[in-house]
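Please look through the sequence and the structure shown here before reading on. The paragraphs that follow lead from the meeting of two chains to a helix and to a single residue.

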Number of protein chains: 4
Amino acid sequence: MGNTFGKIFQISTWGESHGPAVGVTIDGCPAGVPIDEEAIQIELDRRRPGQSDITTPRSEDDRLEVLSGVFEGVSTGAPILLMVRNKDARPQAYDHLKDVYRPSHADYTYQAKYGHRDHRGGGRSSARETIGRVAAGAIARRILADSAGVELVAYVRRIHDIEAEIDAASVARDAVESNAVRCPDSDAAEKMIERIKQLRKEGDSAGGLVELVARGIPVGLGEPVFDRLEADLAKAMLSLPATKGFEVGSGFDGTRLTGSAHNDAFYKDGDEVRTRSNNSGGVQGGISNGEDLVCRIAFKPTATINKEQETVSTSGEETVLKARGRHDPCVLPRAVPIVEAMAALVLVDHWFLDRSRKLS
Amino acid sequence: MGNTFGKIFQISTWGESHGPAVGVTIDGCPAGVPIDEEAIQIELDRRRPGQSDITTPRSEDDRLEVLSGVFEGVSTGAPILLMVRNKDARPQAYDHLKDVYRPSHADYTYQAKYGHRDHRGGGRSSARETIGRVAAGAIARRILADSAGVELVAYVRRIHDIEAEIDAASVARDAVESNAVRCPDSDAAEKMIERIKQLRKEGDSAGGLVELVARGIPVGLGEPVFDRLEADLAKAMLSLPATKGFEVGSGFDGTRLTGSAHNDAFYKDGDEVRTRSNNSGGVQGGISNGEDLVCRIAFKPTATINKEQETVSTSGEETVLKARGRHDPCVLPRAVPIVEAMAALVLVDHWFLDRSRKLS
Amino acid sequence: MGNTFGKIFQISTWGESHGPAVGVTIDGCPAGVPIDEEAIQIELDRRRPGQSDITTPRSEDDRLEVLSGVFEGVSTGAPILLMVRNKDARPQAYDHLKDVYRPSHADYTYQAKYGHRDHRGGGRSSARETIGRVAAGAIARRILADSAGVELVAYVRRIHDIEAEIDAASVARDAVESNAVRCPDSDAAEKMIERIKQLRKEGDSAGGLVELVARGIPVGLGEPVFDRLEADLAKAMLSLPATKGFEVGSGFDGTRLTGSAHNDAFYKDGDEVRTRSNNSGGVQGGISNGEDLVCRIAFKPTATINKEQETVSTSGEETVLKARGRHDPCVLPRAVPIVEAMAALVLVDHWFLDRSRKLS
Amino acid sequence: MGNTFGKIFQISTWGESHGPAVGVTIDGCPAGVPIDEEAIQIELDRRRPGQSDITTPRSEDDRLEVLSGVFEGVSTGAPILLMVRNKDARPQAYDHLKDVYRPSHADYTYQAKYGHRDHRGGGRSSARETIGRVAAGAIARRILADSAGVELVAYVRRIHDIEAEIDAASVARDAVESNAVRCPDSDAAEKMIERIKQLRKEGDSAGGLVELVARGIPVGLGEPVFDRLEADLAKAMLSLPATKGFEVGSGFDGTRLTGSAHNDAFYKDGDEVRTRSNNSGGVQGGISNGEDLVCRIAFKPTATINKEQETVSTSGEETVLKARGRHDPCVLPRAVPIVEAMAALVLVDHWFLDRSRKLS
């Protein structure tokens with residue numbers, strides 16, 4: 001219940017931050033897909049803490065192990081188990097959190113729902129859970145690229161109130177990877193890095209927006225009425241820790257336009273039906289229309305801060321917490337590969353769903 | 001594929017705008033639930049076109065029929081089929097749309113995906129499909145109210161650029177129903193109505209925000225890591241026609257705060273653990289924390305307008321469309337009961353999921 | 001919960017024997033499938049009571065109505081709702097059953113599970129529920145025939161202790177339909193009919209075996225390890241009322257052979273890999289091997305008999321029941337089209353599942 | 001696709017016979033369940049090869065490792081990953097099978113479906129896959145015993161043509177475990193052991209029947225119409241390697257009775273409604289009635305034999321195979337714990353399903 005995602009290309013993540021390992025099982029990967037362990041490792045490294053001086057200094061090696069479903073570098077059609085062992089856990093670093101609920105964390109709700117909680121780094125609610133998503137997403141991405149020609153790029157669009165100027169239609173992964181904050185607007189990136197450092201110094205944290213663009217999506221993906229492409233993307237993104245919102249195309253701002261300004265006029269481009277604008281964000285009636293899929297995800301400021309906070313202890317006393325764990329003052333740079341992974345998982349599943357019922 | 005929603009309390013909607021009927025099958029309603037046909041009809045009437053002078057003048061009677069699963073006014077545990085016959089269809093009113101793709105509608109993508117489309121009022125992509133959701137949602141709501149004490153209220157928060165001031169903690173359904181635009185701030189409501197009338201006169205349309213608050217939710221609903229409560233709400237809302245975004249609690253605006261400003265401090269209120277602020281919107285770590293659940297849904301301006309628009313015909317020629325169908329210049333007032341229905345469906349399903357594995 | 005079957009071609013049946021109607025919703029039928037209402041009606045007529053002098057004299061008209069998903073005789077990709085209204089219900093004919101549990105019926109367990117029961121002809125546990133299965137199965141069958149070249153034939157193999165001699169490899173539907181008992185061995189059929197008449201005269205009933213053969217199944221259907229083709233067939237068949245067993249290929253008798261006698265030797269037939277014997281019944285390792293799929297289903301003797309039986313009343317008193325309802329002394333002739341329908345539903349779903357992940 | 005079983009207590013098995021490990025992920029185990037690693041290990045040891053002189057001499061250590069979801073011996077509500085590393089694999093022992101399809105094995109169908117196969121011991125179709133089932137089943141069994149008072153016992157009922165006499169109502173696990181063949185009738189057991197040894201000497205193999213009885217099942221488990229308790233049991237059992245049939249209660253033999261002989265008369269036993277006979281096998285209308293659940297599973301003779309067999313090579317030539325792998329001449333003794341595990345998985349899932357929708 002709750003740890004499984006997708007209908008055909010179905011993934012299940014498992015593992016806690018301070019258990020022996022975390023990972024994912026993929027049930028539904030076709031046979032014959034090249035499983036490139038290096039490519040998966042690159043994505044894990046993009047997600048990994050300790051990449052730069054604006055992320056947490058925890059050093060997690062995060063070496064990929066493949067335990068099943070792959071033979072001589074190719075998927076066999078059997079479930080693929082991908083695993084990363086947990087290291088450098090230092091559970092004692094979390095001892096001061098044992099008896100207290102961290103504000104805006106999952107501590108209190110996990111305790112209430114499950115009758116227990118793992119205070120060591122968040123247990124199952126830890127961002128380490130996303131390792132499995134990223135690993136599975138790398139395979140999904142490969143299938144999409146090879147078989148359907150889809151290209152996915154995510155990047156930091158805003159941190160705190162520093163907004164970047166980025167052309168979604170042309171932005172490339174190289175530009176995203178050119179700085180520590182994964183914002184392809186280098187001027188904005190510099191300011192973002194300064195802001196993050198400043199907030200860290202103050203013991204505080206920042207949130208912002210990640211934007212995702214997917215190009216080359218075949219027309220026809222999405223299964224109305226409930227499994228619309230944007231509905232499944234919304235669910236995928238809101239299932240990520242620290243997210244508070246999702247929008248596609250014109251999103252919230254588009255609601256301030258009139259219909260005549262908002263509608264995307266159709267025209268012919270050679271044999272293709274195209275739209276002059278893309279307020280729809282690549283999806284109409286829940287189905288991809290061949291234009292770029294563009295969406296944005298709101299990440300709240302990191303809940304773990306180095307300031308005193310009013311809270312309640314597990315025994316029910318009001319108390320004051322000063323967190324001392326190692327943590328990111330801003331999760332967005334590391335969220336970029338995770339957002340790409342979730343988008344790839346949604347798209348590959350919808351691609352398989354759409355094909356399943358095409359009568360030739 | 002795609003027309004089924006929920007895991008335990010599972011609904012399937014069926015029917016097209018110009019077929020004989022539309023409806024819903026509910027598979028998983030417990031035995032013993034009072035099925036109050038009048039209460040369901042009230043919700044259908046709130047959704048119905050032709051309620052006021054700012055909605056479409058189409059008159060749809062929308063009489064509920066119950067075909068199975070109910071005996072002497074009580075659910076039997078068998079599937080419940082709820083149906084509304086289609087009337088006043090006037091398919092000829094859509095003849096001028098037969099050979100043309102309406103911009104920002106589902107016409108083109110349905111044609112591309114299914115190899116056909118029903119030009120008469122949108123077919124399956126018509127808002128009439130939401131009749132089944134509203135009917136099933138009324139039953140879900142009754143279960144939530146009777147068994148878990150949950151109360152749901154949605155209302156129009158903004159239309160175009162006219163934003164209402166509303167206290168989510170205290171807003172009542174009576175205030176929502178007190179005007180045609182379903183905005184409990186009566187000053188704003190008046191302006192909204194004027195704006196809608198003005199835009200209609202201009203052949204144009206408006207979008208805006210619907211806000212939903214759910215009070216009395218038990219602590220513990222939500223199934224991390226994928227089926228977080230807000231993730232399933234996001235999917236539910238983005239599965240509605242004309243939606244472009246979803247946010248919970250502080251949402252997109254909250255990403256402009258620092259962590260110290262955003263975190264919700266815990267305190268004790270008698271025996272209960274409460275939070276001083278509610279930026280979390282009632283959900284932490286994907287699980288309800290007992291505070292009010294608050295979320296907002298972005299609806300784009302109605303795509304059908306009475307202005308000339310550039311488009312392409314089904315035979316592939318560029319052309320100009322001037323729509324003449326009867327339609328709403330703003331869908332938000334009628335979207336209010338639909339948003340409530342979707343929220344009720346998500347919550348009742350999560351309530352059953354959570355209870356299923358409680359070992360006494 | 002429990003009224004939905006299939007993953008891609010997903011059906012949900014609904015309706016009770018004495019409610020307004022019974023039917024099925026199909027979610028996942030591809031667009032572009034010819035929906036031949038007459039062909040569906042023929043299958044419904046094969047299932048219908050009152051066909052011959054060895055079935056119940058209840059006259060149920062069972063006229064098919066199509067409420068959604070079909071436009072100009074072709075599926076649109078939207079959910080297809082098929083419905084049959086209930087007639088000739090005579091609920092008062094069941095008044096004597098109101099306060100008593102019929103032995104080996106679902107009366108007691110439904111009462112215990114749902115806190116109520118519908119004594120009028122079995123409610124949801126009535127065989128009328130299978131109308132929806134047969135209607136949906138007819139569409140599945142059409143897809144299998146047109147797109148994959150699969151042919152399905154079921155027939156009565158044994159009634160009571162009268163066993164027919166039938167060559168599964170060559171038996172044709174015409175031979176099955178040539179007599180009232182649907183047994184293509186005409187000598188055995190005659191004896192079966194006599195036996196059924198005799199038992200009815202005695203107020204008693206009989207069970208037996210239905211055998212199904214499916215020819216032309218593509219190699220590769222089945223999704224190990226849990227969704228093996230024979231596992232899903234077993235579930236499909238055991239979900240039918242009055243079934244007590246399922247076997248594939250050599251079945252229970254095959255367990256008396258040694259491995260050397262039981263193994264199916266491979267040989268080449270032109271370019272094809274074939275097996276000399278077919279103890280596997282067309283499935284190896286859970287996947288179709290291209291040989292005929294052959295399975296058998298055990299149906300118990302009808303529980304409703306016209307003899308006095310010891311039982312318990314709903315108020316908890318021991319009592320004696322003498323049933324007087326109209327009923328079949330033997331369900332097998334009418335079970336034949338239902339078995340074919342379930343097989344078609346399983347096969348079409350597996351066909352779509354297999355295709356969904358074929359990378360071209 | 002295909003490697004996941006259950007709706008609430010959902011398991012996914014993964015791993016191949018000659019990969020690094022095999023195992024299972026359980027998604028949906030409630031928090032607070034004692035996870036007794038020794039009890040799980042005992043079940044794994046019962047399944048393990050090399051237990052006695054009538055099973056394969058392969059020595060597989062099969063040590064359980066728990067990688068997630070358990071904290072201080074108790075389940076946390078997070079996914080539980082259970083793993084066993086593969087040892088003693090000797091892949092070269094299978095080299096002679098590399099280019100040939102073993103008759104009545106999964107070799108040919110896997111090759112056809114997935115475009116490859118793992119000749120080393122069967123890959124995914126190996127019985128090692130059932131390790132995950134047995135491990136998860138041990139947890140399911142613990143929940144059933146502690147929370148619902150259910151007791152499960154399976155045993156060998158027949159091997160080849162040697163049938164045991166066993167009273168299902170009273171048979172105890174100790175009697176089952178008292179001999180190598182797991183048949184509680186010690187006279188029959190002795191003959192079975194002799195028969196197996198004799199057949200092994202001849203290079204041949206035997207099949208037979210496993211019978212399962214479950215006592216103490218609460219009234220009301222089963223979700224008609226498709227997810228009847230016996231339907232899900234049938235699927236569970238037919239998903240096991242080498243199975244050819246399933247029957248519940250009177251099964252195939254019961255179809256030779258008349259209704260008056262077959263019906264189970266109700267009577268009162270104190271406050272309980274009971275049945276005088278149990279031809280229903282504990283299930284009526286798809287729902288448990290509180291009587292013992294009794295079912296039987298047909299296992300074919302082991303396909304791997306040490307005799308020459310006609311077959312076809314992977315390159316399409318007819319050839320002759322003489323298998324030389326280490327294998328069981330009869331799988332039934334080791335199938336007993338696997339059958340128990342599958343029954344436990346079905347029952348615990350249905351128990352959770354039934355509870356999920358009990359109001360108050």
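**Where chains C and D meet**

Strand S11 (residues 243-248) of chain C and strand S11 (residues 243-248) of chain D run antiparallel and are joined by 3 bridges. Within this pairing, Gly245(C) stands opposite Glu247(D), a residue of S11(D). These descriptions come from a predicted model, which scores ipTM 0.97 and pTM 0.97.

Turning from the paired strands to the whole meeting of the two chains, we find 87 residues of chain D in contact with 87 residues of chain C. On the side of chain D that touches chain C, the largest share, 6 residues, is supplied by helix H6 (residues 229-238) of chain D. Sorted by character, the residues on that side of chain D comprise 34 nonpolar, 33 polar and 20 charged ones.

How are the two copies placed relative to each other? Chain D is superposed on chain C by a rotation of 180 degrees, with 0.0 Å of shift along the axis and an RMSD of 0.0 Å. The two copies are therefore related as by a two-fold rotation axis. The same surface serves both copies, since 100% of the contact residues of chain D recur in chain C.

Helix H9 can be followed in both of these chains. In chain D, the 25 residues of helix H9 (residues 332-356) should span 36 Å at 1.5 Å a residue, and the end C-alpha atoms are indeed 36 Å apart, which agrees. Because 25 of the 25 residues of H9(D) are buried, this helix is largely enclosed by the rest of the structure.

In chain C, helix H9 (residues 332-356) holds Leu347(C). Why does Leu347(C) count as buried? A residue is called buried if 20 or more other C-beta atoms lie within 10 Å of its own, and Leu347(C) has 28 C-beta neighbours inside 10 Å, so it counts as buried. Leaving aside neighbours within four places in sequence, Leu347(C) is in contact with Leu144(C), Val150(C), Ala214(C), Ile217(C) and Leu221(C). Leu347(C) and Gly222(C) are 125 residues apart in sequence, yet their C-alpha atoms are 8.8 Å apart in space.

A further helix leads to chains A and B. Helix H2 (residues 107-114) of chain A is mostly covered, with 6 of its 8 residues buried; among them are Tyr108(A), Tyr110(A) and Tyr114(A). The buried residues of H2(A) pack against strands of chain B, namely S12 (266-269), S13 (272-275), S14 (283-284) and S15 (287-288). After H2(A) comes Gly115(A), whose phi is positive, near 75 degrees.

Technical notes. Residues numbered from 1 in each chain as written. Chains lettered and ligands numbered in written order. Predicted model: local features only at pLDDT ≥ 70, side-chain atom pairs only at ≥ 80, totals over all residues. Buried ≥ 20, exposed ≤ 12 C-beta atoms within 10 Å, placed from the backbone. Helix = DSSP H or I, 4+ residues; strand = E, 2+ residues; numbered from the N terminus. Contact = placed C-beta atoms within 7 Å. Expected span 1.5 Å × (residues − 1). Least-squares fit on C-alpha atoms with pLDDT ≥ 70 in both. Nonpolar A, V, L, I, M, F, W, Y, C, P; charged D, E, K, R; others polar. Pairing = 2+ DSSP bridges.
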